[in-house]
Amino acid sequence: MLKSNVFETTQEQLVARVVNELKNELKQATFTEKYLTREEVSKLLTICLSSIHNWSKKGILQPYQMGGRVYFKASEIESSMIKLER
């Protein structure tokens, strides 16, 4: 059975507590996926930025956007590489 506690609080106090709890959770969170910028992918694959743009348009590389910046998952870059048969 769930136990409920009732207490009085203002809206500002509730918001402050929720924000504080979220900050604590984010500090403890670990992100296992590594994201690379276009420049990092360019250096890693030794290709120019226009090639990255073209490969993204063709669906070879999957871009992700956050705050106006473009990123690529390192694991997807690695899995996009195809082994050549000799």
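Welcome! A search of this whole structure, which is a predicted model, turns up 1 aromatic pair, so let us begin there because two rings count as a pair once their centres lie within 6.5 Å.

**Stop 1: the two tyrosines.** Select Y35 and Y64 and show their side chains. Their rings meet edge-to-face, with 6.4 Å from centre to centre and 85° between the planes. Now colour by secondary structure: Y35 belongs to strand 1 (residues 35-37) and Y64 to strand 2 (residues 63-66), so this pair ties together parts that lie 29 residues apart in sequence. Are these rings buried or exposed? Y35 is partly exposed, at a relative accessible area of 39%, and Y64 is also partly exposed, at 28%.

**Stop 2: V41.** Next, select helix 2 (residues 38-45) and pick out V41 within it. V41 is buried, and its relative accessible area is 0%. Which residues does V41 contact, beyond its neighbours within four places in sequence? Look for L36, I52, L61, F72 and I77. For another view, draw a distance from the C-alpha atom of V41 to that of Y71: the two are 9.0 Å apart, although 30 residues separate them along the chain.

**Stop 3: the core.** Add L45 and I47 to V41 and its contacts, and you have the largest nonpolar core, with 8 residues: L36, V41, L45, I47, I52, L61, F72 and I77. In soluble globular proteins, nonpolar side chains tend to be buried together.

**Stop 4: L61.** Finish by centring on L61. Setting aside residues up to four places away in sequence, L61 touches V41, I52, W55, S56, F72, I77 and S80.

Methods: Residues are numbered from 1 along each chain as its sequence is written. This is a predicted model: local features need pLDDT of at least 70, side-chain atom pairs count only at pLDDT 80 or more; totals for chains, interfaces and linings use all residues. Side-chain values use heavy atoms; hydrogens and water are left out. Helices (H or I, at least four residues) and strands (E, at least two) are DSSP runs, numbered from the N terminus. Buried means under 20% relative accessible area, exposed over 50%, partly exposed in between (1.4 Å probe, protein chains only). Contact means heavy atoms within 4.5 Å. A nonpolar core is a set of buried Ala, Val, Leu, Ile, Met, Phe, Trp, Tyr and Cys residues joined through side-chain atoms within 4.5 Å. Rings of Phe, Tyr and Trp (its six-membered ring) pair if their centres lie within 6.5 Å; planes under 30 degrees apart count as stacked, over 60 as edge-to-face and the rest as tilted.
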